[in-house]
Structures are given as C-alpha cells and as structure tokens.
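Reader: Please take a close look at the cavity in this structure, and then carry the account outward to the surrounding interior and to individual residues of interest. A connected description would serve me best.

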Amino acid sequence: MRRILVVGASAAGLAAAETLRREGYDGTLTLVGEEAHAPYDRPPLSKQILSGEWSAERLPLRARADLDALDLDLRLGRAATGLDLAGRAVLLADGTRLPYDGLIVATGVRPRRLPGEGDAHVLRTLDDALALRERLGPGRRLVVVGAGFLGAEAAAVARGLGTEVTLLEPAPVPLAHAVGEQVGRVLSQAHPDHGVDLRTGVGVAEVSGTGVRLTDGELVAADEVLVAIGSLPNTEWLEGGGLKVADGLVCDEYSAAAPGVYGAGDVARWHNPLFGTSMRIEHRTNAAEQGMAAARNLLHPDARKPFAPVPYFWSDQYDMKVQAFGHLRGHDEVAVVEGELAARRFIVAYRTGDRLVGALAIGMPPKAIRGWRQAVATGASWREAVGTASPPLDIP
C-alpha cells in the first residue's frame with residue numbers, strides 16, 4: 001500500500017493521518033479538506049470563539065511545523081465531488097482525480113437549513129463563528145432556532161455578551177429525547193434563569209429579514225437568527241460510488257465500508273459491538289478515536305480490532321459543566337445516583353434493558369463520573385451498578 005487518501009481535514013482526518021505515520025506508513029499520504037484552513041478544533045466555536053475569549057489563532061489542532069513533519073500531500077480548499085470505487089480514485093471539485101490504495105472517509109457533517117433562511121447564521125465553521133460573533137452584544141436581539149446542545153451553548157454565550165436572546169424549540173422539553181425529560185428540564189431551566197426567552201413546543205415556518213415566522217403566524221423579531229436544528233452527514237459525493245449510505249457512511253464494527261475503505265468521525269455510521277447497535281456520533285472525542293482506529297485497521301488488515309468505544313461528550317452552558325458517557329438515546333430508565341437535580345449538581349445513570357448504558361453529570365468533578373464510564377465499558381448490569389435504592393426519574 002503506497003497511496004493512502006484521507007478525505008476530511010478536521011479532527012478525525014488529522015488523527016487518521018497522524019496514526020498512519022506513527023504506525024510506520026511511509027508512502028504517499030494525501031489529506032483533502034474542503035475548507036481553506038488547516039485542521040482546527042470545532043468545540044470552541046460555540047464557546048470560546050463565539051464569546052471572544054479566544055482568538056482564531058488558538059484553534060489549529062497542530063502547529064504548522066507538526067503538520068509539515070507528517071509529510072502530507074495537503075489539499076486544502078478542495079471539496080471531494082465523487083468516488084470511483086472500482087477505479088480506486090476520488091474526484092475533486094477542481095477536476096483532479098486522486099488515486100488511492102487505501103481510503104479513509106472523514107468528511108463530517110453540515111448544518112440543516114430552514115426555508116427562507118436569508119441571512120440566518122449557522123455554526124459549523126470558524127468563519128461561521130467569527131461572522132456571528134461580530135453581530136452579538138448589548139442592544140442586539142438574537143433568535144436561536146433549536147435548543148439542542150449547540151443552540152443552548154450559543155444562547156448562553158450570547159446572553160453572557162449582553163444580547164437579548166429568544167430560544168425556540170419544537171419539543172415540549174429540550175433534549176428529552178437524548179437525556180430524559182427530567183434532566184432536560186434541569187438543563188433548559190438554566191436559560192430563563194439567565195434571562196433567555198425560552199419557548200418550547202413551537203414550530204418555525206420560515207426565517208425572514210426581520211426575524212422568525214412561527215407556524216402560528218407570529219413574527220419573533222430579531223437582528224440576527226442562528227439556525228441550530230441539527231446536522232446532515234456529508235455523503236452526497238459518495239452517492240452512486242458503490243458504498244452504502246444511510247444517514248452516514250455505513251460501516252461495520254471495524255469502521256470498514258468496503259475493502260480498503262474506512263469511515264471515521266461524524267460522517268460514519270458503524271456497528272458498535274459494545275452496545276450491539278448502529279450509531280453515528282457527532283462528538284469531538286469520538287472523531288479522534290475513530291480516526292485512529294480506522295487508520296490502524298486499514299494499515300493492519302490482518303490484525304483489525306472492532307471499534308467499540310464508550311461515547312463521551314461535554315457541554316458548557318452558563319455555570320454548568322455537562323459530561324456524559326455511554327449511549328443514552330432510547331433508554332428505558334433514568335435514576336439519580338449522586339447529588340440532587342434541584343441543585344444542578346448530580347449524576348444520573350441510564351438503563352436500557354437490564355444493562356447500565358450511560359451516565360450524565362452536571363456540576364461534578366470529572367473523577368466523579370469516571371467510575372461510571374468503566375461500569376458501562378465492562379457491560380455492568382443495572383442491578384450491579386445502581387441496585388434498587390434509586391427510584392427512576394422518568395421513562396421517555
């Protein structure tokens with residue numbers, strides 16, 4: 001194998017490239033990125049960059065000298081537009097045809113859009129964050145459509161900058177589908193406590209030049225609108241190329257999509273044997289871990305290992321630090337195992353079937369939840385981990 005191509009120059013793609021070199025690969029290594037920027041970190045976009053706490057110079061994942069040391073054929077500012085699986089080549093928007101012996105797909109996701117968005121903001125790239133940051137501050141009105149983690153973080157930062165914020169969410173309880181109704185209520189109550197106008201159970205018809213039109217006809221006036229209603233995997237360039245695509249690039253437990261082709265990061269939907277289910281994870285930690293795993297499996301096909309992580313994510317909102325391990329979606333039960341919900345300082349555990357599948361902490365030190373991660377990783381039963389002392393909070 002003398003030509004390896006990594007498509008996607010963010011956390012997953014860079015982790016894959018670094019791992020390939022670390023594992024001894026010395027052939028041609030091409031890294032393709034749609035953005036002109038060198039690989040940079042995305043979680044700070046909705047936090048430190050949006051708030052102005054950080055400058056853009058702090059975002060690169062590696063110093064230029066470290067990138068140069070990888071001896072990459074770096075193709076930035078060039079989007080992939082097609083895949084010739086039989087001919088083992090990727091086509092770029094500038095007409096270039098890049099042959100490969102091994103391929104890692106790490107093209108990430110893009111924001112979902114709304115009808116009539118006009119000049120509405122999204123928050124996925126550095127340029128997105130810088131453009132929105134310039135429009136926030138005292139005397140400004142921001143409407144955030146979508147109270148998921150991204151929308152909630154942006155609303156918290158904007159409010160901290162003195163912006164008047166309205167947060168719109170179609171669900172009765174934000175994030176209930178992911179963390180449970182009671183935990184969702186705790187997280188969402190922080191917004192009105194900090195002066196945000198949180199409106200739940202509302203639908204958005206369109207974004208106009210003067211604000212957001214709700215499905216009941218009301219116009220919510222705004223100077224700026226941020227649409228944060230989720231993401232779509234960047235798989236269009238793969239369609240018709242011979243790989244299976246279904247809400248992401250479909251991969252097996254090794255992150256393989258086809259012989260010599262692997263997926264990594266937000267774009268990959270793979271079978272996680274630890275939980276016995278297919279999942280696609282849009283979190284920073286998973287991107288790096290899967291990039292490394294895909295690179296190793298591509299380079300050492302006779303010694304492949306299943307990619308079976310305990311997913312991890314975190315979120316910073318106002319004075320709350322949220323941390324979670326495991327696969328929380330579709331859970332059957334939630335129980336408080338430490339602390340109190342009302343104090344916004346607690347750990348809750350999640351059950352699916354007879355097994356502990358996750359834990360979430362708010363306002364707790366990292367070490368307080370690490371033991372729960374280990375219990376999830378070892379497949380602990382609910383009775384072993386939690387017992388019967390903690391009553392369930394809700395059954396979504």
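Author: In this predicted model, the largest cavity is lined by Ala147, Ala152, Pro174, Leu175, Leu187, Ser188, His191 and Gln317. Its volume is about 40 Å³, and the structure holds one cavity of 30 Å³ or more. Sorted by class, the lining comprises five nonpolar and three polar residues, with no charged residue. Helix H7, which spans residues 181–193, supplies the largest share of that lining, namely three residues.

Leu187 leads from the cavity into the nonpolar interior. Besides lining the largest cavity, Leu187 is listed with Val90, Leu103, Val179, Tyr350 and Leu360 as the residues with the most contacts inside the largest nonpolar core, a set of 65 residues. Strand S26 (residues 355–362) gives this core its largest share, six residues. Another core lies apart from it; this one has 26 residues, including Leu20, Ile104, Ala287 and Ala295. As a general matter, nonpolar side chains in soluble globular proteins tend to be buried together.

Leu103 shows what surrounds one of the highly connected members of the 65-residue core. Once neighbours within four places in sequence are set aside, Leu103 is in contact with Leu5, Val7, Leu83, Val90, Gly260, Val261, Tyr262 and Leu298. Val90, one of these partners, is itself among the residues with the most contacts inside the largest core.

Val90 also provides a link to Thr96. With neighbours within four places again left out, Thr96 is in contact with Arg75, Val90 and Leu91. Thr96 occupies the loop between S5 and strand S6 (97–99), and its side chain is joined to that of Asp94 by a polar contact of 2.8 Å. The relative accessible area of Thr96 is 23%, so this residue is classed as partly exposed. Its C-alpha atom is separated by 9.4 Å from that of Ala80, a residue 16 positions away along the chain.

Arg88 belongs to the loop between strand S4 (80–84) and strand S5 (89–92). Although Arg88 is not a glycine, its phi is positive, at about 50°. Its relative accessibility is 29%, and Arg88 therefore counts as partly exposed. A positive phi near 50° is also found at Asp247, again a residue other than glycine. Asp247 sits in the loop between strand S16 (231–233) and strand S17 (249–251). Because its relative accessible area is 40%, Asp247 is partly exposed.

Ser10 offers a buried loop position. It is placed between strand S1 (3–7) and helix H1 (11–22). Its relative accessibility of 19% falls under the 20% limit, and Ser10 therefore counts as buried. The side chain of Ser10 makes a polar contact of 3.4 Å with the side chain of Arg42. Arg42 also appears among the contacts of Ser10 beyond four places in sequence, together with Pro39, Tyr40 and Leu61.

The open spaces of the model include a second largest pocket with a volume of about 180 Å³. Glu23, Glu289, Met292, Ala293, Arg296, Asn297, His300, Ala303, Lys305, Pro306 and Phe307 form its lining. These residues divide into five nonpolar, two polar and four charged, whereas the lining of the largest cavity contains no charged residue.

Phe307 connects this pocket to Asn272. Phe307 is one of the pocket's lining residues, and Asn272 touches Phe307 along with Thr277, Met279, Ala308 and Pro309, not counting residues up to four places away in sequence. Asn272 is located in strand S20 (residues 268–272). With a relative accessibility of 0%, Asn272 counts as buried. Its side chain reaches the backbone nitrogen of Leu274 at 3.0 Å.

Finally, strand S26, the source of the largest share of the largest core, leads to Ala385 through Leu356. Ala385 belongs to helix H10 (residues 382–385), and it touches Leu356, Trp372 and Ala380 when residues up to four places away in sequence are not counted. The C-alpha atoms of Ala385 and Leu356 are 7.0 Å apart, while the two residues are 29 positions apart along the chain. Ala385 has a relative accessibility of 23%, so it counts as partly exposed.

Notes
Residues are numbered from 1 along each chain as its sequence is written. This is a predicted model: local features need pLDDT of at least 70, side-chain atom pairs count only at pLDDT 80 or more; totals for chains, interfaces and linings use all residues. Side-chain values use heavy atoms; hydrogens and water are left out. On a 1 Å grid over the protein atoms alone, a cavity is a set of points where a 1.4 Å probe fits but cannot get out, and a pocket is an open set with protein on both sides within 12 Å along at least five of seven lines; lining residues have an atom within 4 Å of a point. Grid points are joined across faces, edges and corners, and a volume is the space filled by probe spheres set on the points. Helices (H or I, at least four residues) and strands (E, at least two) are DSSP runs, numbered from the N terminus. Ala, Val, Leu, Ile, Met, Phe, Trp, Tyr, Cys and Pro count as nonpolar, Asp, Glu, Lys and Arg as charged, and the others, Gly among them, as polar. Buried means under 20% relative accessible area, exposed over 50%, partly exposed in between (1.4 Å probe, protein chains only). A polar contact is a pair of N or O atoms within 3.5 Å; within protein, one must be able to donate a hydrogen and the other to accept it, and residues adjacent in sequence count only if both atoms are side-chain atoms. Contact means heavy atoms within 4.5 Å. A nonpolar core is a set of buried Ala, Val, Leu, Ile, Met, Phe, Trp, Tyr and Cys residues joined through side-chain atoms within 4.5 Å.
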